[in-house]
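User: I should like to understand how the terms used for contacts between parts of a protein are justified. Please take me through the reasoning step by step.

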Amino acid sequence: MFENVWLIPLFPLIGFLINGFFGKKIKNEAVIGGIGTLMIFLSFLVSCGVLMQLIGLPAEQRVFEKVVFPWIHCGNFKADMAFLIDPLSAVMIMVVTGVGSLIHLYSIGYMHGEEGFYRFFAYLNLFCMSMLLLVLGSNMLVMFIGWEGVGLCSYLLIGYYFEKKSAGDAAKKAFVMNRVGDFGFLIGLFTLYWWFGSNHNIWTINFVEIKAASHLLPYGGVVTIATLCFFLGATGKSAQLPLYTWLPDAMEGPTPVSALIHAATMVTAGVYMIGRMSFVFIKSPETMMVVAVVGACTAIFAATIGTAQNDIKRVLAYSTVSQLGFMFLAMGVGAFGAGIFHLMTHAFFKACLFLGSGSVIHAMHHALHHGHLHDDAQDMRNMGGLKKYMPITFLTFLVSTIAIAGIPGFSGFFSKDEILWQAFANPYHGGLNIVLWGIGCIAAMFTAFYMFRLVFMTFFGECRINPKVKDHLHESPLVITIPLMVLGFLAVVGGYIGMPKLMGMLPNYFEHWLDPVFELANEYGKEYAHVGHHTHALEWGLMGLSVVIAVIGITIAFTMYMANNKLPEKFTSTFPALHRAVYNKWYMDELYDFLFVNPCKGFGNLLWKGFDVVVVDGIVNGVGKIFMGLSAGIRGLQTGYTHNYALGMTLGAVVIVALYIFR
Amino acid sequence: MSDMIITLMTFSPLVGVLLLFFIPKDSHALLRGVAIATTVVTFLLSLPIMFGFVTNAEFQFKEFYPWIAAGPFQMNYNVGIDGISLWLVILTTFTMPIAVLSTWTAVETKVKEYMIFLLLLEVGMLGAFVALDMFLFYIFWELMLIPMYFIIGIWGGKNRVYATLKFFIYTMAGSLLMLIAIIVLYFKAGAGDFNLLRFYGLNLPLATQIWMFLAFAFAFAIKVPMFPFHTWLPDAHTEAPTAGSVILAAILLKMGTYGYVRFAMPLFPEASEKFTPLIATLAVIGIIYASLVAMVQEDVKKLVAYSSVAHLGFVMLGVFALNQQGVAGGMLQMLNHGISTGALFLIVGFIYERRHTRLITDFGGLSKQMPVFATIFMIVTFSSIGLPGTNGFVGEFLVLIGSFESKLRWYTVVASSGVILSAVYMLWVFQRVMFGELNNPKNKELKDLNAREVAIMVPLLVMIFVMGLYPKPFIDRMAPSIDKMIQITKVKPQVALQAPALPVMPAGMPMGQPAVEGMPAGHPAMPVNK
């Protein structure tokens, strides 16, 4: 199977080409959707094969590199189109192709009747290909093709409804903000390449080779610069502070896109990248701290915004930003395995949540359409009581909400609790650890609160949709609910492969699986680790605490949105400024417009109309005018009268003779 | 025949010109047919060169005939192709049929003259790329100017007189200085001819080098164009007819950057090292400045013109990094720019032909009306932005990594931010033209691209992906010549001492001599390495 790893990204590429070129002619939705789904499913099968083969090998042999063809060879620079299989990329391809297949299947139902059906599936396949290149790339440049490729697909899919201005704006914003991150990625790449090359004559961007040479890297210094640049790339792609504002806007895209790209896969690329280069990141204590702090801050910051949004998808978008913050917190405290574990469980429950919200929107849209109403189909204030009409959607949604809220027994609990514990107990940041842990806990409480607020507003209480169309609310068809059920199931059980050792029921398979990838990083970390001793009682205690916190969050949500639903209004009228600020996302977009967008445009105009037209062309035209003026003066001499010329000749002759005489 | 292949190729358009003379000026179809056939033949004639090229540093397919022997002056017809000129020649022969095909319906007046000028232009461009005799080069260099002058001046837009005059005088001013420098160079070299290779090893005193480098650099900087000599370009582009813009962007601008690689740098190594910080500064300013200005343009064509300035800033940065990646990246970027910016001008031409406006605000929502056009425009946009997988990425990346490795590290960091800006201005214009609602009634009748227009774009689209995914053949063939160029140009004291050990040096290169006096080791104006 290893030799055929190139098939994994190839299948979706074929799907893209077929649907992209012929989709318009094929017309038949079943065929188009079938091809798209089949292709990614084939990738899934190959990925399973790869995983099986990898499991069959002893842990230390689980690395395989496959060069497909030489790409850029120039002087001492070499980048091949090559793929790397190891436990980390195996996890990622399983998530991408597995969740990807389900979302493709779901899209057949969800996108039914859309004008650009074929376009949608072509882009979705293209996205999967790019994402697979990203996670399989064995050097930074192949990763970078994927890295920018997913950005492109995100652009295309956010702008899917391109006739809406907001969609076009959101698409552009996403791409440009990602590009800011890409700038960081490139500079990071250059720095590492140049440092290894000029100091050790190792000219490489290959992960395996860098890993082998990573013992040469110093702690801090150049590594800090390089990793901070890479991390800038990660903040762009994974929507962390300060580059997160594109992700909520990205909800302009169709909901399956939000599920696949803006929740389960693409936005986790930054986390994956840090995992892939853990042995570089760990060499900079400063960067690790920055990653942890940015992650923790993003987790709480986005969670607060999530509490005040009324658009169902926007709540989930801020939730995604916040959950990604948890993953970065994990990476930053050196809990690489826990970060990747949360990446996986999050892919399950967040994809389920997004698809569930899609199912709700689908039903709402359908019902409103019947009544020729123009109410907002995504506004939770128009929903309520939907559990009666959509039992499957409700159940799967509830299960995933419990998972994300961190209730024991569900997948999110295992991964989030692992992160919080390691934020507390990991030995890298000294006194900061407890702060990080505290922020994480509060963010977790907010998470439980806003997620249950969403569930209560959407599925419970009385139905606030216009009574005229109530009867048109239906559960979605099987093609939509089957993916929901599968993902809901995974949201429950997906965590058991990574149960904490503490519980002692199952070994932590997941952590062991990733050990070979991260053990070198852990080795390097010992250099500056201050290992403390933590008792099991403490771990149990903190675990209990995090459950209590989740329950508190749920209780507050219950009180405000079920028991006494006058409370929210009371709250907003008591603290109008706070609510306004939170509702308006702390005015971050306005701040960016003020700081970057407007000055850039103004500066461009100034350069053009001020410098180009006035200064440069002023000089150019000025020189021209001088010559024209001169020639106008000289032209006066050419009178055309013979006697004038005769005078000139005489004067000239006199001057010449005079010169000779008086020399 | 095969030992005359360069001559055959270079002058084959003249045959077309002769034929065109005998065709009545009203039979447009025939005129167009002959013109396109001629450019296709020229392209076919260039193929043996591409396939017959042996990957080494030598000039190949060389031809040498004595030409003028007037007193002390000896000029020869001396042509040849190496890895540096190879792809530029191919780019020229490849672009010309596309450019001619784009005039099909765009030019309806004086078709005969138009075609004749296009073909003459091709002779000039090919000649300039293959000339190894400096005097011959100068002749071809000037020869290009005249047809272009007429193409813009006769078939141009409203403000064409101003634009042509500006273009002509700007370029002329530069060329004159270059001519003087060529003559000085000839006398400094002592008895002999104008053979370029003879001048490579001259080891001129630094002061002379500086003056002569400045003369060459000025001529080429105008052509590139580098900031602040760029203002002729937006005017020329906006006024030029589509084919004129395509050729101007795709090929003529490359004359400037080619001039640096072939002449200004290897002829005057110490001077070019001395001026590297200045040129890199101008290149980086050009990237940022042109991007910012491009962002606020209201005319699509002007926007593309400014984006050219930014792209060529990358080329200059890479070339002056003077290492394999930088120069190869710069060379690739020249080709990429030729393909993607040429394609962008064609795209602008398509909508201009339909709507007779290029103002961004006149458009919006065209994607719905013109889906094929939208797809093509999008691919080209992303190629221009430099998305990995397209050609634009490979060149830009190599330029940046090459200059980062060299002492231009900090320039690179600033230049890299150009990748953000290019996304901003290209995506913004794309959004305003293609996305949104189709609310201008005049746009509701727009027809999508026809077969001819698609046929024009297909070769360019293919090249966008071929060069993005498999740039190896391109890089491999240029690599030895670039190595040699770097060797000649990189005169550092320690390199000069080791020089005798280096195998490939042009004959007549005095070796082992210390670098020119007055050249301090590690010039203070340079950012220090490491």
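The discussion below concerns the contacts within chain B and between the two chains of a predicted model.

User: What makes B:Lys368 and A:Glu163 a salt bridge?

Analyst: The closest N and O atoms of B:Lys368 and A:Glu163 are 3.3 Å apart. The rule asks for a side-chain nitrogen of Lys or Arg within 4 Å of a carboxyl oxygen of Asp or Glu. The pair therefore meets the rule and is called a salt bridge. Across the interface of chain A and chain B, the rule finds two salt bridges.

User: How many salt bridges does the rule find between domain 1 and domain 2 of chain B?

Analyst: The rule finds zero salt bridges across that interface. Polar contacts are found there, however: 14 residue pairs, both partners at pLDDT 80 or more. Between chain A and chain B, the count of such pairs is ten.

User: Why are chain A and chain B said to be in contact?

Analyst: Contact requires heavy atoms within 4.5 Å, and 52 residues of chain A and 62 residues of chain B satisfy this, so the two chains are said to be in contact. The area buried between them is about 5,100 Å², with 73% given by carbon and sulfur atoms.

User: Which helix gives the most residues to the side of chain A that touches chain B?

Analyst: That is H6(A), with 17 residues. By class, this side of chain A has 31 nonpolar, nine polar and twelve charged residues.

User: Where do the two domains of chain B lie in its sequence?

Analyst: Domain 1 covers 1-267 and domain 2 covers 269-490. Their centres, taken over C-alpha atoms, are separated by 22 Å. The contact between them takes 54 residues from domain 1 and 55 residues from domain 2.

User: What is meant by saying that these domains of chain B bury area between them?

Analyst: Buried area is what two parts lose in accessible area on being put together, summed over both, so the value of about 4,900 Å² is the combined loss of domain 1 and domain 2 of chain B. Of this area, 77% is on carbon and sulfur atoms. In domain 1, B:Trp87, B:Phe227 and B:Met265 lose the most area to domain 2, together 16% of what that side buries.

User: Which residue classes make up the side of domain 1 of chain B that touches domain 2?

Analyst: This side has 38 nonpolar, twelve polar and four charged residues. H10(B) gives the most to it, with 14 residues.

Terms used: Residues are numbered from 1 along each chain as its sequence is written. Chains are lettered from A and ligands numbered from 1 in the order in which they are written. This is a predicted model: local features need pLDDT of at least 70, side-chain atom pairs count only at pLDDT 80 or more; totals for chains, interfaces and linings use all residues. Side-chain values use heavy atoms; hydrogens and water are left out. Domain bounds come from an automatic or database domain assignment. Buried area is the accessible area (1.4 Å probe) that two parts lose on being put together, summed over both. A polar contact is a pair of N or O atoms within 3.5 Å; within protein, one must be able to donate a hydrogen and the other to accept it, and residues adjacent in sequence count only if both atoms are side-chain atoms. Helices (H or I, at least four residues) and strands (E, at least two) are DSSP runs, numbered from the N terminus. Ala, Val, Leu, Ile, Met, Phe, Trp, Tyr, Cys and Pro count as nonpolar, Asp, Glu, Lys and Arg as charged, and the others, Gly among them, as polar.
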